[in-house]
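Student: I would like to learn how to read a helix and the sheet beside it. Where do we start?

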Amino acid sequence: MAKHRIGLWMYENCGGQDIERKIVAQLQEREIEAIGGLNLAHASAYDSSIFCNGHMLDELDLFFSYNAGQQSPFQVYLYQTLNTMMPMINNYDSFALTEDKFRTAHRLKKNNVPTTDYIVCSKNNIEQLKEHMRFWQGKAICKPVDGWGGNGIIKLEHERDLDLLTPYITQQHAPQFYLERVIENDFTDYRVDIVDNKFVACYGRKAAPGSWKTNVTSGGSVIMREPVPEVVELALKAAKVTGLEVAGVDIIYDIEHQQYVVIEVNGIPAFATPEQEKFGLNFNDTKIKYLVDLIDRTVNKSNHPTTISPDIALSFHEPVMNPSLHTEVPSV
């Protein structure tokens, strides 16, 4: 009989089912039963308990959610509640933090992690944005704070471009407007996978000809990259600062300032697809082992509520917002 029971929700396409089988099998070897298919979209809560697919989630020792493409606001709502009842991977506070580009960049800068320069202000204060863009020679990247895969990103070449965007800006539901400095780079990036503060893998993406976006969903392609020590150290620090147990850190080289900078921290970094494994990305087994080790160690701790260290925990002064969960699809 298993000593512990955990809940699991993995994506099923792009090799996800095979990855789930490996995780479940390795957990069974450690006397940990994994109940799969716990899609919180099918859950309900009453009488101080949460139920999903006939299972009382209160009785679980841990919940591991790893499905980007099918997330919904309701699932996140329950995700946040479950986080108060049991250990979650990733923990909700860090996951919500990294769903917001501004709050992530703000946290990284406060902890001296090189990242993009930014400005965020009310969408009704366009003049303040123009004034700031003058420091960036009139160039900036306009982004939704909760976007993913390159969606909604617009490159501005002159401060007057903000006038053209004014109708678009005022129609957005979000109260804030977010800009980043354009970083001169070679249109490639590094993706570094981290699990449990351990380096898993390093690869990269390259923008399509004529494009500046490296995201695969925007036409970019995966490339092999050597794990440059400076890049790996930077990724490890970014993951620690944001508090994620599982992280995919995107890094580019700033040619102007001659340094590596973190451009994004992802809470659901994809495993390599079967096609990408044939291409040479062979980190899945290592990532699975580290995940199983992390789950094993977590469920075998005492039953006291888990906490995040003060230097990582979210400040009560930071605005709380429900993330839109536009995390990356299961493709690197």
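Tutor: This is a predicted model. Start with the length of helix α1, residues 16-29. At 1.5 Å a residue, its 14 residues should span 20 Å, and the end C-alpha atoms are 20 Å apart, so the two agree.

Student: Which residues of α1 are buried?

Tutor: Take under 20% relative accessible area as buried. In α1 that gives G16, I19, E20, I23, V24 and L27. They cover an arc of only 135° around the axis, which means that they sit on the same side of α1.

Student: Which residues are exposed on the other side of α1?

Tutor: There, R21, Q28 and E29 are exposed.

Student: What covers the buried residues of α1?

Tutor: The cover includes the strands β1 (4-10), β2 (32-35) and β6 (62-66), along with helix α9 (284-299). α1 lies across β1, β2 and β6. Its angle to β1 is about 170°.

Student: What phi does E31 take, just after α1?

Tutor: E31 has a positive phi, about 60°.

Student: Now the sheet. How do strands of a sheet pair?

Tutor: Through backbone hydrogen bonds, either parallel or antiparallel. Here the sheet is open, with four strands in the order β2-β1-β6-β7 and parallel pairing.

Student: Which are the edge strands?

Tutor: β2 and β7 (88-89), each of which pairs on one side only.

Student: How many bridges join β1 and β2?

Tutor: Four, in the parallel sense. For a residue-level check, look at I6: its bridge partner in β2 is A34.

Conventions:
Residues are numbered from 1 along each chain as its sequence is written. This is a predicted model: local features need pLDDT of at least 70, side-chain atom pairs count only at pLDDT 80 or more; totals for chains, interfaces and linings use all residues. Side-chain values use heavy atoms; hydrogens and water are left out. Helices (H or I, at least four residues) and strands (E, at least two) are DSSP runs, numbered from the N terminus. The expected span of a helix is 1.5 Å times one less than its number of residues. Buried means under 20% relative accessible area, exposed over 50%, partly exposed in between (1.4 Å probe, protein chains only). The arc is that of the directions from the helix axis to the C-beta atoms. Contact means heavy atoms within 4.5 Å. Two strands pair if DSSP finds at least two bridges between them. Axes are lines fitted to C-alpha atoms, for helices over the stretch in contact, and angles run from 0 to 180 degrees between N-to-C directions.
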